[in-house]
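Welcome! Let us take a friendly walk through this structure, one part at a time. Keep the view open beside the text and look for each part as we reach it.

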Amino acid sequence: MSYYYKKEQKNLEKYSYNLKSNGSTEEKDIEVLALKMKEIIQNSSREDKDIVFLCIGSDRYVGDSLGPLVGTMLKDSQVPFRVYGTLEEPVHAFNLKGILKEINKQFKKPLIFSIDSSIGDKNQVGYVMFKEGPLTPGKALEKMLPEVGDYHFVGFVNYIDPLPTSQFLNDTRLYTVMNLAKTIVKVVTKIKVYDNISEGKES
């Protein structure tokens with residue numbers, strides 16, 4: 001479900017945060033983003049919103065497996081949020097619309113954090129970006145899919161070169177994807193450490 005992230009004009013960009021996921025990300029950087037997410041979740045809880053992590057992608061391609069890996073790791077960590085999209089039950093191009101209908105039917109006011117892999121510039125590879133607003137899955141493969149998420153994470157798994165975009169999904173290193181997944185999961189599990197804000201809402 002990878003999409004190509006095209007840099008936006010700075011004056012149009014909302015809250016955005018970047019982490020380097022090469023194993024040397026400083027703990028304080030993880031905590032800063034976790035605190036920001038805690039603030040977002042606390043504000044939404046006052047409006048009685050349910051917290052949903054929508055992890056998009058397929059385990060059939062290494063470059064597209066970031067979302068399902070994150071979803072599986074979040075469930076294994078027993079985070080107190082609802083998680084959709086795992087290695088066992090991935091959310092991908094063929095079922096995304098149905099899953100969104102299910103989420104909106106089950107939750108009156110969901111606050112959705114969407115997670116997907118991305119193709120960007122060479123110097124972006126290995127970075128995690130957290131940003132306010134939805135992402136549009138499938139851009140790189142020219143698929144027409146709905147925008148998803150009130151906030152989103154993207155992990156830059158590879159970069160554009162003359163090869164067909166679909167080939168990048170096969171050429172991506174699993175090492176890169178795993179580092180990205182671990183970084184995202186570290187941030188989300190830190191929220192639980194700070195405050196079990198959604199206690200009682202099972203994943």
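**Rings, strands and a helix**

In this predicted model, there are 6 aromatic pairs to be found. One of them brings together Phe130 and Tyr151, whose rings are stacked, with 5.8 Å from centre to centre and 5° between the planes. Phe130 belongs to strand E6 (residues 127–132) and Tyr151 to strand E7 (residues 151–159), so this pair ties together parts of the chain that lie 21 residues apart in sequence.

Are these two rings buried or exposed? Phe130 is buried, with a relative accessible area of 0%. Tyr151 counts as buried too, at 15% relative accessibility. Both residues also belong to a cluster linked by ring pairs, made up of Phe53, Phe81, Phe113, Phe130, Tyr151 and Phe153.

Between E6 and E7 runs a loop, and Thr136 has its place there. With a relative accessible area of 15%, Thr136 is buried. Its side chain is joined to that of Glu147 by a polar contact of 3.5 Å.

Now turn to strand E3, which spans residues 50–55. This strand is mostly covered, as 5 of its 6 residues are buried. Which strands pair with E3? One is strand E5 (residues 110–120), which pairs with E3 in the parallel sense over 6 bridges. Another is strand E4 (residues 82–84), which runs parallel to E3 and is joined to it by 3 bridges.

Leu54 is a handy place to see both pairings. Its bridge partner in E5 is Ser114, while in E4 it stands opposite Tyr84. To get from E3 to E4, the chain passes through helix H2 (residues 66–76), and this β-α-β crossover is right-handed.

The last stop is helix H3, formed by residues 96–106. Which residues of H3 are buried? They are Leu96, Ile99, Leu100 and Ile103. These residues cover an arc of only 100° around the axis, and therefore sit on the same side of H3. On the face turned away from that buried side, you will find the exposed residues Lys97, Lys101 and Lys105.

What do the buried residues of H3 pack against? They pack against E3, E4 and E5, which brings us back to the strands we have just visited. Take another look at E3 from here: it pairs with E5, it pairs with E4, and the buried residues of H3 pack against it as well.

Conventions. Residues are numbered from 1 along each chain as its sequence is written. This is a predicted model: local features need pLDDT of at least 70, side-chain atom pairs count only at pLDDT 80 or more; totals for chains, interfaces and linings use all residues. Side-chain values use heavy atoms; hydrogens and water are left out. Rings of Phe, Tyr and Trp (its six-membered ring) pair if their centres lie within 6.5 Å; planes under 30 degrees apart count as stacked, over 60 as edge-to-face and the rest as tilted. Helices (H or I, at least four residues) and strands (E, at least two) are DSSP runs, numbered from the N terminus. Buried means under 20% relative accessible area, exposed over 50%, partly exposed in between (1.4 Å probe, protein chains only). A polar contact is a pair of N or O atoms within 3.5 Å; within protein, one must be able to donate a hydrogen and the other to accept it, and residues adjacent in sequence count only if both atoms are side-chain atoms. Two strands pair if DSSP finds at least two bridges between them. A crossover is right-handed if, with the strands pointing away from the viewer, the path from the first strand over the helix to the second runs clockwise. The arc is that of the directions from the helix axis to the C-beta atoms. Contact means heavy atoms within 4.5 Å.
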